[in-house]
Amino acid sequence: MLIVTYCPVLEWLRFSILAIMTQHRILIPPANQRRLETPMRHISLVIPAISCNHCKETVENTLKQFEGVQDAIVDVANKRVAVTYDPDKAHMSEMESALSEEGYDVANSL
């Protein structure tokens, strides 16, 4: 259960911020016009089948074809792929399936 109590310090802070914003004509768009961005997710995949630069290019290109994947960087020596993606647009299960179709099964993700 959440109990909310009045806090004079927070009330003073709220009024101070509003006064500064008014003084400097800083406008906040109405709540229905604000867009909250989903933070990008960073994940590391272990793919044992990665062994050469051809594997590196194939894995990177497969992942980068997904809308929402910002970056995919393969470390051949450690058999890892660092992926940065928007979880609202790209889904890990779909990316894993695409990699599996190319012959690169994901052992685990960190």
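**Strands, helices and a salt bridge in a predicted model**

In this predicted model, strand E2 (residues 69–75) and strand E3 (residues 80–85) pair in the antiparallel sense over six bridges.

Q: Which residue of E3 does valine 69 stand opposite?
A: Let's start with the pairing itself: E2 covers residues 69–75 and E3 covers residues 80–85, and the two run antiparallel. Across from valine 69, the residue in E3 is tyrosine 85.

Q: Which residue in the turn between E2 and E3 has a positive phi?
A: E2 and E3 form a hairpin, with four residues between them. In that turn, a positive phi of about 55° belongs to lysine 79.

Q: In what pattern do the helices and strands follow one another along the sequence?
A: It helps to begin with the tally, which is three helices and four strands. Reading along the sequence, you meet them in the pattern α-β-α-β-β-α-β.

Q: At what angle do helix H2 and helix H3 pack?
A: H2 spans residues 53–64 and H3 spans residues 92–101, and their axes lie 10 Å apart. H2 passes H3 in a right-handed crossing. The packing angle is about 145°.

Q: How do the residues in the contact of H2 with H3 divide into nonpolar, polar and charged?
A: From H2, the contact draws on Val59, Thr62 and Leu63, while H3 brings Met95, Ala98 and Leu99. Thr62 is polar because it is not among the residue types counted as nonpolar or charged. The division is five nonpolar, one polar and no charged.

Q: Which side chains meet in a salt bridge?
A: The structure holds one salt bridge. Side chains of opposite charge can pair when their charged atoms come close. Here the N to O distance is 3.0 Å, and the partners are lysine 56 and glutamate 60.

Q: How many residues apart are lysine 56 and glutamate 60 in helix H2?
A: Both residues lie in helix H2. Their spacing is about one turn of the helix, which comes to four residues.

Q: Is glutamate 60 buried or exposed?
A: Its salt-bridge partner, lysine 56, is partly exposed, with a relative accessible area of 25%. Buried means under 20% relative accessible area. Glutamate 60 has a relative accessible area of 11%, so it counts as buried.

Q: What share of the contacts between residues at least 6 apart in sequence join residues at least 24 apart?
A: For a view of the whole protein, buried residues make up 27% of its 110 residues. Turning to contacts between residues at least 6 apart in sequence, the share joining residues at least 24 apart is 63%.

Terms used
Residues are numbered from 1 along each chain as its sequence is written. This is a predicted model: local features need pLDDT of at least 70, side-chain atom pairs count only at pLDDT 80 or more; totals for chains, interfaces and linings use all residues. Side-chain values use heavy atoms; hydrogens and water are left out. Axes are lines fitted to C-alpha atoms, for helices over the stretch in contact, and angles run from 0 to 180 degrees between N-to-C directions. A crossing is left-handed if the near helix is turned anticlockwise from the far one by less than a right angle, and right-handed if clockwise. Contact means heavy atoms within 4.5 Å. A salt bridge is a side-chain nitrogen of Lys or Arg within 4 Å of a carboxyl oxygen of Asp or Glu. Buried means under 20% relative accessible area, exposed over 50%, partly exposed in between (1.4 Å probe, protein chains only). Two strands pair if DSSP finds at least two bridges between them.
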